[in-house]
Amino acid sequence: MKEKLDQILDRALSEINSSEQLDKLNDIKTAFLGKKGELTAVLKGMKDVAPEDRPKVGQMVNETREKIESVLEKKKTEFERKILEEKMKNEVIDVTLPGKKMGRGHRHPNTIALEEVEKIFIGMGYEVVDGPEIEYDYYNFEALNIPEGHPAKDEQDTFYINDKILLRTQTSSVQVHVMEEGKLPIRMISPGRVFRSDDVDATHSPSFHQIEGMVIDKGITFADLKGTLDLFAKKLFGEDTKTKFRPHHFPFTEPSAEMDVSCFKCGGKGCRFCKGEGWIEILGCGMVHPHVLEMSGLNPDEYTGFAFGVGLERIALLKYEIDDMRLLYENDMRFLEQF
Ligand code: DAH
């Protein structure tokens, strides 16, 4: 019996030592120590062994098993170490190699300018409101005091869809929607796309963006308008910016004005940027016309307010000193990557 066990042990050890793969060790383990393995077969044959010899034989079988197991385990550890070494060798990282440059997206100058304007007004407690781009003539013109036949209607070359429906020419249309909702006081800005049938050139595009603003409450005066828009200009163009209000005319405001800011390039002395003026025109504004309040269901004896409209592209062009609006729409990566 001892011979038989020694023979099994020898065979097992030589198979283990000559094996070259980790998988092979499992096969060897099954072949010798498994349920149907050779050593198990020996145990099963114990019934043929004389009872007094059984403990001894049992002990020999156990010793053989332990030897095989220990050698298997050693070999296994050896293999695992080799595999790990191999892996480490292949996965060498040269930390001195230059990294791969990741393409990084850029926000469009219009977006940056818009976010800046929104931040300023949100900081003053304004709400940002959205409005429809396809609009009724009523909201774009009539309710803003621009009736049929009014010259202002012809000034803005409108894309009509039919008699009553058009692509809005100004975000002022949102004023009417907000007033009709009737939630007072109103303190809102409404940025969005507007459309005019203009030919493309350095300062025109058939589609551009405006930001409308409106405040309505009891006791709002022109001083509120001036204070608000002066603060806006200072936050947008710098603390030293001065503002100037020139009388103007808009059908939906009375009185109306245009606001200029002191040239942030020359500080007002006059330069190429401001065409020697020292001032740059920035927005239209005024006190909401009583008739406009009335048409949208507000009582002008109780409520007053101011409104303003500013071109988003104009702000982006000024802020980044871009001299051609077409650059904003051409999607040239060399241009866009600069922001
Ligand atoms: N809607 C005007 C335009 O497109 C801009 C404007 C001027 C808006 C005065 C206003 C305002 O709200 O009070 O030219």
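What follows is a short chat about the labels used for this structure and the cut-offs behind them.

Reader: Before we start, what kind of model is this?

Author: The model is predicted: local features need pLDDT of at least 70, side-chain atom pairs count only at pLDDT 80 or more, and totals for chains, interfaces and linings use all residues. Residues are numbered from 1 along each chain as its sequence is written, and side-chain values use heavy atoms, with hydrogens and water left out.

Reader: Okay, rings then. How many aromatic pairs are there, and what makes two rings a pair?

Author: There are eleven aromatic pairs. Rings of Phe, Tyr and Trp (its six-membered ring) pair if their centres lie within 6.5 Å; planes under 30 degrees apart are stacked, over 60 edge-to-face, and the rest tilted.

Reader: Why is the pair of Phe121 and Phe232 called tilted?

Author: Their ring centres are 4.9 Å apart, and the planes make an angle of 40°. That angle is neither under 30 nor over 60, so the pair is tilted.

Reader: And what makes you say that the pair links distant parts of the chain?

Author: Phe121 sits in helix α5 (residues 109–123) and Phe232 in helix α9 (residues 222–237), 111 residues apart. Helices here are DSSP runs of H or I with at least four residues, strands are runs of E with at least two, and the numbering goes from the N terminus.

Reader: Are those two rings buried or exposed?

Author: Buried means under 20% relative accessible area, exposed over 50%, and partly exposed in between (1.4 Å probe, protein chains only). Phe121 has 1% and Phe232 has 2%, so both count as buried.

Reader: Why does the pair of Phe237 and Phe264 get the label stacked?

Author: Their planes are at 5° with centres 4.8 Å apart, so they fall on the stacked side of the cut-off. Phe237 belongs to helix α9, while Phe264 is in the loop between β7 (253–262) and β8 (279–288), 27 residues away. With 13% relative accessibility Phe237 is buried, whereas Phe264, at 27%, is partly exposed.

Reader: Which residues do ring pairs link into a cluster?

Author: Phe121, Tyr126, Phe232, Phe306 and Phe308.

Reader: How do you know that Lys75 lies over the face of Phe79?

Author: A charge sits over a ring if NZ of Lys or CZ of Arg is within 6 Å of the ring centre and within 35 degrees of the ring normal. Lys75 is 5.4 Å from the ring centre of Phe79, so the distance fits the cut-off.

Reader: Now the ligand. Which residues come nearest to the ligand?

Author: Gln170, Ser172, Arg196, Gln210 and Glu212, out of 15 residues around the ligand. A residue belongs there if one of its heavy atoms lies within 4 Å of the ligand.

Reader: What makes the Ser172, Gln210 and Glu212 distances polar contacts?

Author: A polar contact is a pair of N or O atoms within 3.5 Å (within protein, one must be able to donate a hydrogen and the other to accept it, and residues adjacent in sequence count only if both atoms are side-chain atoms). A polar side-chain atom of Ser172 is 2.9 Å from a ligand nitrogen. Side-chain N or O atoms of Gln210 and Glu212 lie 2.9 Å and 2.5 Å from a ligand oxygen, respectively. These distances are within 3.5 Å, so they qualify.

Reader: How much of the ligand does the protein bury?

Author: The protein buries 90% of the 350 Å² that the ligand exposes when taken alone. Areas come from the Shrake-Rupley method with a 1.4 Å probe; for residues, only the protein chains shown count as cover. Elements giving two or more residues to the shell are β5 (207–217), β8 and β9 (304–311).

Reader: What is special about the peptide bond from Leu184 to Pro185?

Author: That bond is cis, with omega near -5°, and Pro185 is in the loop between α8 (173–181) and β4 (186–195). Glu254 and Pro255 are also joined by a cis bond, with omega about -5°; Pro255 is in strand β7.

Reader: Why is Lys275 called exposed?

Author: Its relative accessible area is 71%, which is over the cut-off, so the label holds. Lys275 lies in the loop between β7 and β8 and has a positive phi, near 55°.
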